[in-house]
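Student: Can we go through this one together, with the working behind each reply?
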Amino acid sequence: MKIFVIAEREQPVSELCAGARQFAEEVDLVALPTTQVVDGVADKVYRLEVPEGRMMEDAYVALANLIEQERPDAVFAESSRRIQLLLGRTAARVGGSVISNVNAMPGAKEASTMYFGGLANRKYKGEDGTTSFFFVRPATFPDAEPSGNNVEVMVPFVEPSYEVKRTEVGPRVKGDVDLPSAKRIVSVGRGIKEEKDLDMVRELCSLIDAELGCSRSIYEAENWLPKEALVGISGSTVVPDLYLTLGISGQAQHMVACDGATTIMCVNTDPYALIFEHSDYGSKADLYTVVPRMIEYFKAHPLK
Amino acid sequence: MNVLVCFKSVYDDVAIRTNSDKTLDYQAVPHIVSLYDLNAIEAAAQFVEADPEDRNLIALTVGDTKIHDTTMRKNVAARGASEVYLVMDDALEDAETHQTAQAVAAAVKKIGDIDLIICGDGSADVYAHQMGIQLGEILGIPNVNAVIDFKAEGNTIKVTRELDEEIEHIEVQTPAVLSVLSDMAQPRICQVKDIMTAGRKPVHELTLADIQCELPAAQYQILETKVPEPTPRKMVFFEATDEGIDQFIEQVHTYLTTEGA
């Protein structure tokens, strides 16, 4: 069994190499110029060469050639924007299909994936003799350890048949929010009527030392919060101690992203809202009554 | 300039029920335009409407024969497409990314004379982020994802990509495929007159045979699709009374000063 891992950031590099090692005698890391290669995680590290002024994803011709030559049983990939493009082009070139949103892997070619944003899990098995392509979500291999000697192999650039000219690249300015590492999150949804109402929610957040998040409906319909505040399958996956929702209905695509919270609390005037089925504690009162009273309460009883 | 926007027709997930064996029950569940594809249709429509003399918008979907829904196709036509193509064939049920891309590529060739293809970020059901990319590769034309803005200058398309850590500006020559982020454009609220005129726009129904597409073999088996067991929660609820609100707030306080501290 031979598995290729393609990732950019340090954590997915380690996690995916570790997961691959559970199944495969040979684990090889494919590194983009941006990849943070970690010591001792793979047998080989294939470094994709990219000439100056080109987009990294243009290295797909070389990668497709490498896959046709090495014939890995599976490719485990981090779902970054660049790797989505790189691997999609590569798979099309070798005639392969890609399975995304993998959240469990019972075998090297067996994957459980989120269907309709987590409404259901769909299990796939890759046919023998083909290379299976999987985009694997974070924390899919919690107990695995990576190993290997990281023998470096350079993969020379091969020109694609069409040209994409890169004219400029710069850092992306992000919102000042870091939800994935937050211990406490207060998240708002459709129940918030106006942007100025976020002020009271922010006040509550500062009193209980929480970060502010939001659901997709409020993120998309209004321009009140940065993308980093979005909790859901199209935003951040969070694992706080406390996840307190205000006026969020609890759709599958949202709940799947906060299911790792130790405790979920909700405030929602609709007693039939799905969110109650996913909550440890829930208030059926109006958030416009509850939040001001919480602010008053935590001013009188400050947390140390 | 002919602009083609691709959309997927999916089950309306709020209407999907769960069977006692935890499988999904799709009976009488309507098909709708996949959520993020509405944003792609809007991005394409705004681009076309910026120069309506020169630009024309065509919409295309491929899927199994269950996607035959007049409300859905009218909805797409009301959003700015001048005509709608539906490729329907039961061989496309649960089609994999490469199979779908092959079918769309064959349809693009059949329609002919397309300068720019717009796709969404991912579909509501499998959210693979792959179709536009694989389509471009099969057609052998420039293709990029994560597009947050684009404009045309002659045959050059200037594109801005929003990546995880970077903003990247690139240029491609037409024909090209762009997969746009849902942040690029918010779907419009259709006006009554748009919906009225939508019913008169041409709709073309085709099969895989009509577009000379021989679907490649599937590379994965679907073993099962089941609703997961929910994470067990305490489910302690407080009524919307003064007393209930106080108890809830005290519960939050107790949690934060003990276990959640």
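Student: How many residues does each chain give to the contact?
Tutor: Keep in mind that this is a predicted model, where local features need pLDDT of at least 70, side-chain atom pairs count only at pLDDT 80 or more, and totals for chains, interfaces and linings use all residues. Residues are numbered from 1 along each chain as its sequence is written, with chains lettered from A and ligands numbered from 1 in the order in which they are written. Two residues are in contact if their C-beta atoms, placed from the backbone, lie within 7 Å. Counted that way, the contact takes 70 residues from chain A and from chain B 70 residues.

Student: Which element gives the most to the side of chain A that touches chain B?
Tutor: Elements here are DSSP runs numbered from the N terminus, helices being H or I with at least four residues and strands E with at least two. Those giving two or more residues to that side include β5 (98–107), β7 (120–126) and α7 (287–300) of chain A. The top contributor, with nine residues, is α3(A).

Student: Which strand of chain B does β7(A) join, and what is the bridge partner of A:Y124 there?
Tutor: Strands pair if DSSP finds at least two bridges between them. β7(A) has six bridges to residues 220–226 of chain B, running antiparallel. So the strand is β14(B), and the partner of A:Y124 is B:I222.

Student: Which strands stand at the edges of the open sheet?
Tutor: Ten strands form that sheet, with mixed pairing, in the order β9(A)-β3(A)-β2(A)-β1(A)-β4(A)-β8(A)-β5(A)-β6(A)-β7(A)-β14(B). Each edge strand has a single partner, so one side of each is left without a neighbour in the sheet. The edge strands are β9 (151–155) of chain A and β14 of chain B.

Student: In β3(A), what is the bridge partner of A:L29?
Tutor: Strand β2 (residues 26–31) of chain A and strand β3 (residues 44–48) of chain A run parallel, joined by four bridges. In β3(A), A:L29 is partnered by A:V45.

Student: How many residues of α3(B) are buried?
Tutor: Buried means 20 or more other C-beta atoms within 10 Å of a residue's own, with C-beta atoms placed from the backbone. α3(B) covers residues 97–111, and the buried ones include B:T97, B:A103 and B:V108. The helix is mostly covered, and of its 15 residues the buried number is twelve.

How values were computed
The expected span of a helix is 1.5 Å times one less than its number of residues.
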